[in-house]
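User: I would like to learn how to read the features of a protein model, one at a time. Please give the idea behind each feature and then the case at hand.

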Amino acid sequence: MPENASAAERYAAEELQYWIQRITDAQLPIVRKVSAPEFKIARLLIGTAFAKGHFDADLAKIGSTDGFAVRPLKNADKVSTVCIFGTTPRGTLHGVYAYLERNTDIIWARPNFEFGTVFSKQHTLNAKKTNFISIPKSTLRGWGWTVHGQYNEPLWASRNLSNCFGYYSHSKKILGSAYPLSGGGHGLQLYVPPKKYFSTNPEFFPLIKGKRTPHGQLCFTCESMIPEYIKNLRADLDRKKEVSGVNFSITDGWGVCECENCLKDLKLDDGRVITSKDPAFRAAQYYRFVNRIARAIRESHPDKVLLIYAYIFAIYAPPFPLEDNVRVQYCPFGKDNKFPIFDESRNKAMRDHLLDWSKITGKVWLREYYGCAAEFPRPIEYTVKEDLLFCLKNNVREFNTEWPVDHSSVLEVWDVSAMTAWVIARLWWDPEQDVDALRSYYLERTYREGAEAMGRYFEQIRKNWYASKFPAVYTDTANAMAKMYILDAGSEEKCRAALVEAEKTAQHPVSKLLIQRHRACFEKWMDAARKDKTMRANVPCQTADDCEDFDSAVWKNATLLSPMIVCQSVEKQKARFRTDVRLTHDRKNLYILFDNFADDMKTLPVSEPKPGVAENFPRGDIMEFFLADPQSGNYYQFAFDAGNKAVYDGRGYDSKWNCSWKRKIKLHADRWSAIVTIPLDEIGINITTGNKLLFQPIRGKYYNNSNGKRVREMSSWSGGFVHESASFGELTLNQN
């Protein structure tokens, strides 16, 4: 390596030395200058310095990217010499890993230190592939590791073509991290922390329900807060001179300010007015604040780029440009992962938001949720490819996703979905690659002799998953998906046979262990799936005129569902608060009678509509329910409370969808009751052609536990959770 090698170039040389020693048991010496001609040995030259003057055309082609090249170097002494380089240290690191991959059978299959890497021992490394170049189609590629602390995960990401490793640390500097950050996820309040400021400056914080609160967002129109915010942010950047920017994204929730100034219509610089009723009102208010911060930081720290999340209310692109030192992580949290983001029927809202962002800034980062619901091997890489190609076409070249770490309580994610993570990492580099070919490469290197059988197993799940029209969202659970896509699809024995065959045929000890771990997950799913009986009920057809009357006789003949159970409880725990749900229909409408028992009826809180908000999701003691068409897979969400003022309806995560549903409320001493009327045609149901309807009622109720702590019980018919369509129960609407 060069005498003046950077930390990342030194690390690249050490990685090459380490892995060659693991593979061959031979330790290559690392020297700071090219060996003298009399030493007739093979030489590997690491870094940009050796490439200059020899491979200038390659350096020009790589440009400012983290691309790389591996080239044989002709020399007078005719000693085999290969140069591995990029124009950046990060590119050189990519080149080292590519050299190892192409000249051995190694694969960094998952981060786990003990059984995450598969390779064969060999006495001599006969490197035949030493002449290639690779340039990424994207600019930033990174993983947002969740659940626990991380160590092996950044190393795995580094070895698999990532270049952005999140918040600044010395170890990530050695990895050649692009765009290391300060701040924190949802870090809006970091620079006016409530512990320091709330007691003295409550006006900095949001006014919610008539009171200032340290929770939620900030008061974005508070003029006295902004100079303090800028001062503290500048001080943080002064302390952390090596960071590229700072994350000061909105907090994880709504929590916007309702003070008089924050409710005023916004008058833009060009004279346009955004009213408080506009869905983009809160986003525009926030991004006006962001621009003020960005302008101030550019004056004091012109080399720093600020990061924000386009998330919840801030998902709307503002009707004005963002400052050029702002980078946006667009968070399509409501996307159906079975369909590409540009799909008109499933992901229209998510697509439109992305296109809006791509028009106002070139610094948009697609921040996904691929690791959520990855406890089951969802083959989302096929959809990811389509999403990435669409992004590149629309000038979005930065990619990131949440994904759990490879240890502790979430090992099963990597036991079953490591291939998906690996393929996504490769697609981020170049989404034009063939997904089937990438999966085959992974299978062959990871499972060796068991690859063919494992391929049949994964292919069966892929076929079943995409054959179903049910949406795939980030809240899906492994057991519910296994029931739907394996057990109910009639593929249990075929999948098990493939896993058994793979385990028997695999010879490499790591390959065999990885198959055994996957098989253990499979058997756990199947055991749970067989025990998990889908809730079913027949709904009588009654054509009486008084279905919306609490005292009507129709409710005596209506179907009463089984008692609600605590959401996602392992033992199907009975709910603390009783909720009775009765259903009937008259072919045109579905009628639901909810009796929500409560011990605090005298003080029962109800939600008021939030000013300036198109959709109002209630809080407190709420009734929420989901309806789905089993043919199309479309599902709908409804929510209300005893006040019947803050109400919500949406299709999937699209809150713009509206239904002409009706609610009638009645209060009793021990409960509050509601009759809900849903027009069947508005949710795509025509019982003449299809009388099946999927249903999930969910009750949310706050109470004080034995320790006096305020907690919330979520209960449902099947024990499933919100948006978890695979857990919905099945209703049969009787024809007469």
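User: Let us start with a pocket. Which residues lie nearest the centre of the second largest pocket?

Analyst: The model is a predicted one. A pocket is an open space, and its lining is described by the residues that have an atom within 4 Å of it. In this structure, N479, A528, D532, S569 and K572 lie nearest the centre of the second largest pocket, out of 33 lining residues. The space in this pocket comes to about 880 Å³.

User: Which elements supply the lining of the second largest pocket, and of what classes are the residues?

Analyst: At least two lining residues each come from α15 (478-487), α17 (509-531) and β20 (565-566). Of the contributors, α17 gives the most, with 5 residues. By class, the lining has 12 nonpolar, 10 polar and 11 charged residues.

User: Staying with α17, how should I read a single residue such as A520?

Analyst: Place the residue in its element, then look at its exposure and its surroundings. A520 is part of helix α17. Its relative accessible area is 48%, so A520 is partly exposed, since exposed would need over 50%. In sequence, A520 and E412 are 108 residues apart, yet their C-alpha atoms are separated by 9.5 Å.

User: What is the general point about where residues of a helix face?

Analyst: An α-helix has 3.6 residues a turn, so residues three or four places apart point the same way.

User: How many residues are buried in helix α5?

Analyst: Buried means under 20% relative accessible area. In α5 (residues 152-159), 8 of the 8 residues are buried, and therefore the helix is largely enclosed by the rest of the structure. The buried residues are N152, E153, P154, L155, W156, A157, S158 and R159.

User: What covers the buried residues of α5?

Analyst: The cover includes the helices α1 (7-24), α4 (89-103), α6 (170-174) and α12, together with the strands β4 (107-108) and β7 (140-146). After α5 comes L161, which has a positive phi near 75°.

User: Where else is phi positive? Take D25 and I312.

Analyst: For each, note the residue type, the angle, the location and the exposure. D25 is not a glycine, but its phi is positive at about 70°. D25 sits in the loop between α1 and β1 (43-46) and counts as exposed because its relative accessibility is 57%. I312, also not a glycine, has a positive phi of about 50°. The loop that holds I312 runs between β14 (305-310) and β15 (326-330). With 21% relative accessibility, I312 counts as partly exposed.

User: Is N596 buried or exposed, and which residues does it touch?

Analyst: N596 belongs to strand β22 (residues 589-597). Its relative accessibility is 0%, so N596 counts as buried. Leaving out residues up to four places away in sequence, N596 touches R578, T579, M623, D670, R671, W672 and R699.

User: How does a cavity differ from the pocket we began with, and how many cavities of 30 Å³ or more are there?

Analyst: A probe fits into a cavity but cannot get out, whereas a pocket is open. The structure holds 3 cavities of 30 Å³ or more, and the largest cavity has a volume of about 70 Å³. Its lining has 13 residues, with W414, D415, A418, Y442 and Y447 nearest the centre. Two or more lining residues come from each of α12 (411-429) and α13 (435-447). The most come from α12, with 6 residues. The lining of this cavity divides into 9 nonpolar, 2 polar and 2 charged residues.

User: Finally, how do I read the protein as a whole? What is its radius of gyration?

Analyst: Set the radius against the value for a compact globule with as many residues. For 736 residues that value is near 27 Å, and the protein has 29 Å, which agrees. Along the principal axes, the C-alpha atoms fill a box of roughly 100 × 65 × 50 Å. The protein contains 18 helices and 30 strands, and 59% of its residues count as buried. Of the contacts between residues at least 6 apart in sequence, 68% join residues at least 24 apart. The exposed area is about 30700 Å², of which carbon and sulfur atoms supply 51%.

Note on methods
Residues numbered from 1 in each chain as written. Predicted model: local features only at pLDDT ≥ 70, side-chain atom pairs only at ≥ 80, totals over all residues. Heavy atoms only, no water. 1 Å grid on protein atoms, 1.4 Å probe; cavity = no way out; pocket = protein on both sides within 12 Å on 5 of 7 lines; lining within 4 Å. Points joined across faces, edges and corners; volume = space filled by probe spheres on them. Helix = DSSP H or I, 4+ residues; strand = E, 2+ residues; numbered from the N terminus. Nonpolar A, V, L, I, M, F, W, Y, C, P; charged D, E, K, R; others polar. Rg over C-alpha atoms; globule rule 2.2 N^0.38 Å. Buried < 20%, exposed > 50% of the residue type's maximum accessible area, 1.4 Å probe, protein only. Contact = heavy atoms within 4.5 Å. Areas by Shrake-Rupley, 256 points an atom, 1.4 Å probe, with all protein chains shown as cover.
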